Amino acid sequence: MNIGILTYYGVHNHGAVLQANALKSFLVNRGHDVSFLTFERNYDFIPPKNAKKYKGGISSIPFYFKYVFEKGVPNITYNYKKSQILNKYRDRELPLGKKYDEFNGDLVIIGSDEVFSLEIGFNPCLYGIGVNVSNIISYGGCFGPTTIEDVKEKSLSEKITKGLSRFRAISVRDGNSQRVIKQLTNMESTLVCDPVILYGYEKEMCSFIPKEKDYIVLYAYDRSMQDKNEIEAIKTFAKKHNKKIYSVAYHHNWCDKNIQATPNELLGWIKNADCVITDTFHGTVLSIICNTSMIVKIRNNANKLKYLLKEYKLENRIINDFSSIDQVFSKTIDFEEVNSLISERRNLSMKFLNDELDNI
C-alpha cells in the first residue's frame, strides 16, 4: 500500500523526528511504501517577529542577530551542529514525497504530535482539507494546548469539523484531544499511544552506550530551565548524589556538558542515565520506554504531559517545586507495571492501525 504521512517532520527537535520515524518504521515493517507529504506551515497566530525564526530568508536576519546576542555564540554553534545531525537523520530516515494535494496513493495518515494544535497557526491539510484521497485517518493526533474554547475563539469550528468529517477513523494520544474531537464533530476517537511507544526503539536504545557513568540527563528546550532557582536546585541535587549534569540535544551553559547526539544516541544517553530531568512530552516518553527514572516539570503542556504520566501511573514523577526534587527522585518506579501498561497500550494501538489498514 502507498501511504503518505502528514506530520511536522522538519522541526528542530529530536522528539519530533523520532515520532515521525517510529510511525514510518511501523508501517514499513508491515510491507507498506511510506513517504512524508510536504506542506507549507502556517504562522498566523504568533507575532510576525517570532515567525521569522521558522521561515528563514533575508527577513529573518534581524531575528537571528538578536538571537545571537541573547543566547551567545556557543548556543548558536551548538544548534547549527544539531541541525546538521537532524538533517542527516531526516535524509536517511524520513523520505519526502509529494505535496499533500498532489498525493494520489492509497491512504493518508495525519499525525502524530501536535498536528491539530492552533498555537502557532492553522494548517488546513492537517484536518484533511485539500487532501485528495478518499482514505484519511489520524494516528495519535494531538491538539496540544489548544482547547475547544480556542477553536471557537479563532472561528475555526466549522472548517475543522468539515475537515475531520472526511476521516474514516480518528485516533488521538490524550484526553483533551479526544474531548475536542467529540465536542466539534460528535465523532468518537480512539486513544492510542505515541508512535515512539508504539515502535519501542528496543534495538536502537541499545545500539549506543555512553562511556560516561554517574550522570543525569537534562532534556529541556534551551528557552526553559533558565530560572536561577531551578538551576541551583538541580545543581544541588546533582552534587548531593555525586552526579554530573549532561544536557543532551539542547544547549544549557550551566550544565557540566552539552552533548551533541543523533536521535538514536539520545536514546542511549537516556537509557543509561541515572535520572532524566525534563519538562517535555518526548523527554518523558523516551524515559518511559528506556525504563529510566524521570523527574518531570509540567509547564504549558499539561493537556498532553499530565495525561501521559497518568496513563502510565507516573503522576508521582511530577515536580511542582524544584525544592522537592530529592523527594521525587527517592520514589521507586515499578517498571514492571509500566511495561505492562506499555504492552497493553501498544496492542490496542496496533489493533487500531491494523484494522484500518486491513479495511482499505
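This report describes the overall build of one protein chain and then a number of its residues.

## The chain as a whole

The structure is a predicted model, and its chain contains 15 helices and twelve strands. The radius of gyration is 20 Å, close to the 21 Å that the globule rule gives for 360 residues, so the chain is as compact as a globular protein of that length. Taken along the principal axes, the C-alpha atoms fill a box of roughly 60 × 50 × 40 Å.

Of the 360 residues in the chain, 55% are buried, and the accessible surface comes to about 16,300 Å², with 48% of that area belonging to carbon and sulfur atoms. When contacts between residues at least 6 apart in sequence are considered, 75% of them join residues that are at least 24 apart. The chain carries 48 positive and 42 negative charges, and the mean positions of these two groups are 4 Å apart.

## Asparagine 13 and proline 263

Asparagine 13 lies in the loop that runs between strand S1 (2-6) and helix H1 (14-28), and with a relative accessibility of 10% this residue counts as buried. Apart from its neighbours within four places in sequence, asparagine 13 is in contact with Leu86, Tyr219, Tyr221 and Tyr250. With tyrosine 221 there is also a polar contact of 3.3 Å between the side chains.

Proline 263 belongs to helix H11, which covers residues 263-271, and at 0% relative accessibility this proline counts as buried. Its contacts, again leaving aside neighbours within four places in sequence, are with His14, Val17, Leu18, Ile85, Leu86 and Tyr89. Leu86 thus appears in the list for proline 263 and also in the list for asparagine 13.

## The loop between S8 and H10

Which elements does the loop holding aspartate 222 connect? Aspartate 222 is placed between strand S8 (215-219) and helix H10 (228-240), and arginine 223 is found in that loop between S8 and H10 as well. Is aspartate 222 buried or exposed? With a relative accessibility of 13%, aspartate 222 counts as buried, whereas arginine 223 is exposed, with a relative accessible area of 60%. The side chain of aspartate 222 makes a polar contact of 3.4 Å with the side chain of asparagine 75.

## Isoleucine 295 in strand S12

Isoleucine 295 lies in strand S12, which spans residues 294-296, and at 0% relative accessibility this isoleucine counts as buried because buried means under 20% relative accessible area. Beyond its neighbours within four places in sequence, isoleucine 295 is in contact with a list of residues that includes Phe237, Cys275, Val276, Ile277 and Thr278. Also among its contacts are Arg317, Ile319, Ile325, Val328 and Phe329.

## Pairs separated along the chain

The table gives, for four pairs of residues, the separation in sequence and the distance in space between their C-alpha atoms.

| Pair | Separation in sequence | C-alpha to C-alpha distance |
|---|---|---|
| Asparagine 13 and alanine 249 | 236 residues | 8.0 Å |
| Proline 263 and alanine 16 | 247 residues | 9.9 Å |
| Arginine 223 and histidine 251 | 28 residues | 9.3 Å |
| Isoleucine 295 and arginine 317 | 22 residues | 5.2 Å |

Arginine 317, which stands in the last row with isoleucine 295, is also one of the residues in contact with that isoleucine.

## Backbone features

Where does the chain contain a cis peptide bond? Glycine 111 and serine 112 are joined by such a bond, with omega at about 10 degrees, and serine 112 is found in the loop between strand S4 (107-110) and strand S5 (136-138). Aspartate 113 lies in the loop between S4 and S5 too, and its phi is near 75 degrees, a positive value in a residue other than glycine. At 12% relative accessibility, aspartate 113 counts as buried.

A positive phi is also found at aspartate 214, where the angle is about 55 degrees although the residue is not a glycine. Aspartate 214 is located in the loop between helix H9 (202-205) and S8. How accessible is this residue, and what does that make it? Its relative accessibility is 43%, so aspartate 214 counts as partly exposed, while aspartate 113 is buried.

Technical notes
Residues numbered from 1 in each chain as written. Predicted model: local features only at pLDDT ≥ 70, side-chain atom pairs only at ≥ 80, totals over all residues. Heavy atoms only, no water. Helix = DSSP H or I, 4+ residues; strand = E, 2+ residues; numbered from the N terminus. Rg over C-alpha atoms; globule rule 2.2 N^0.38 Å. Buried < 20%, exposed > 50% of the residue type's maximum accessible area, 1.4 Å probe, protein only. Contact = heavy atoms within 4.5 Å. Areas by Shrake-Rupley, 256 points an atom, 1.4 Å probe, with all protein chains shown as cover. Lys, Arg positive; Asp, Glu negative; His and termini not counted. Charge placed at Lys NZ, Arg CZ, Asp CG, Glu CD. Polar contact = N/O pair within 3.5 Å; in protein donor to acceptor, adjacent residues only side chain to side chain.
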